[in-house]
Amino acid sequence: MVTNSNQPLHRGLFRTARCLLQTWAMAIAVLLWSATVVSADEPVRLKIVGGLAGVSQYERLEKPFWDQRVEALTNGRIKAEVHPFDRSGLPGQEMLQLMRLGVVPFGTALLAVVSGDEPELNAVDLPVLNPDMRALRKTVGLYRAHLHEMLRTKFGIELLAIYTYPAQVIFCAKPFVGLSDLSGRRVRTSSVGQSEMMTALGATAALVPFADIVNAIRNGVVDCAITGTLSGNEVGLSTVTSYIYPMAISWGLSFFGANTTAWQALPIDLQQPLREAISGLEAQIWDASDRETAEGIACNVGALNCSSGHTPSHMTLVPILPEDEAKRKRLLVDSVLPSWIHRCGPECAAAWNQDLAPTLGIKAPVD
């Protein structure tokens with residue numbers, strides 16, 4: 001009885017908090033816009049919220065692009081300042097609303113993080129949907145136009161790029177032979193979808209922050225962890241685990257976009273060159289993700305193609321057996337996809353069946 005009577009109060013508090021956030025956001029947006037009004041002779045100054053700090057994508061690609069290349073490509077007409085979203089003080093889960101309000105005129109949103117606000121965004125990165133880079137490229141290509149239209153109509157966001165991090169795979173401290181062998185183990189996950197998948201396998205999911213993965217394994221909080229091949233190596237995960245399973249569970253997609261009003265406020269003759277430059281950045285990020293997925297595996301198992309600057313380890317590579325590929329498909333059809341549709345609703349099922357099902361051969365259940 002107590003729980004039921006408190007539910008309206010909890011919903012009311014959530015709505016109040018959201019309203020306060022939006023009021024604060026609109027006030028900040030006005031300040032930001034007033035600060036960026038310049039004369040025609042002055043350069044356009046953009047404040048960019050980028051991806052995750054400290055990882056290769058941001059340090060080697062996003063930051064140099066915004067800090068240097070954009071100004072050069074536009075002959076000094078655009079000057080940009082970029083900051084990683086996880087060090088900006090902004091709540092990542094509210095990025096859609098912050099961009100919609102214009103508080104973040106140009107920003108990056110991790111799909112798994114903002115999918116709590118809009119589950120449909122995670123359609124292209126459902127667990128076990130894309131076991132390799134080729135599959136991921138195909139899925140994103142099929143659904144991209146729909147995401148573009150959905151972001152524009154629902155949130156007033158102009159989609160400019162879709163980024164991907166290297167493949168997220170399974171690291172385990174103790175021997176295992178494949179997906180079925182995860183039953184009964186505690187596994188670190190980073191999203192609702194990953195947690196649902198682990199539950200379907202008979203494992204216990206634990207949402208552990210990336211920075212705490214190594215200690216969680218070392219202290220026995222979890223037995224295994226899902227994370228990036230190269231980022232896992234960089235944080236020392238290979239020092240506390242001995243087995244790595246290379247099937248991509250997820251990829252960690254994000255999108256880069258602009259508040260529609262902010263985008264339309266740019267000089268018309270700068271919009272297309274900037275869009276094309278961002279498209280080039282997207283291509284570089286995808287190519288780097290592909291390389292770093294392979295490099296992460298190489299470094300974790302101590303292969304010769306582990307590049308300098310990373311730690312070669314001696315983990316055991318668990319082979320992907322034919323029965324595991326069959327199990328991946330069953331998990332997707334019987335558990336992952338239905339769970340997502342349950343959270344996302346009939347409109348998501350309709351979009352999936354229109355854009356993805358004809359090519360992937362997997363139809364979403366419709367109630």
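**Close-up 1. The end of helix α10 and the residue after it.** In this predicted model, helix α10 gives way to Gly302, a residue with a positive phi near 80 degrees. The helix itself covers residues 268-301. With 34 residues at 1.5 Å a residue, α10 should span 50 Å, and the 51 Å between its end C-alpha atoms agrees with this expectation.

**Close-up 2. Helix α10 against the strands.** Helix α10 lies across three strands, namely β5 (168-172), β9 (243-250) and β11. Relative to β9, the helix runs at about 165 degrees.

**Close-up 3. The open sheet and its edges.** The sheet is open and consists of 6 strands, arranged in the order β7-β6-β8-β5-β9-β11. Its pairing is mixed. Strands β7 and β11 (316-317) occupy the edges; each has a single partner strand, so one side of each remains without a neighbour in the sheet.

**Close-up 4. Strands β6 and β7 and their crossover.** Strand β6 (residues 186-189) and strand β7 (residues 204-207) run parallel and are joined by 4 bridges. Within this pair, Arg186 stands opposite Thr204 of β7. Between the two strands the chain passes through helix α6 (residues 192-200), forming a right-handed β-α-β crossover.

**Close-up 5. Strands β6 and β8.** Strand β6 also pairs with strand β8 (residues 224-228), in the parallel sense and over 2 bridges. Here Val187 has Cys224 of β8 as its bridge partner. In the strand order of the sheet, β6 stands between β7 and β8.

Conventions: Residues numbered from 1 in each chain as written. Predicted model: local features only at pLDDT ≥ 70, side-chain atom pairs only at ≥ 80, totals over all residues. Heavy atoms only, no water. Pairing = 2+ DSSP bridges. Right-handed = clockwise from strand over helix to strand, strands pointing away. Expected span 1.5 Å × (residues − 1). Contact = heavy atoms within 4.5 Å. Axes fitted to C-alpha atoms, helices over the stretch in contact; angles between N-to-C directions.
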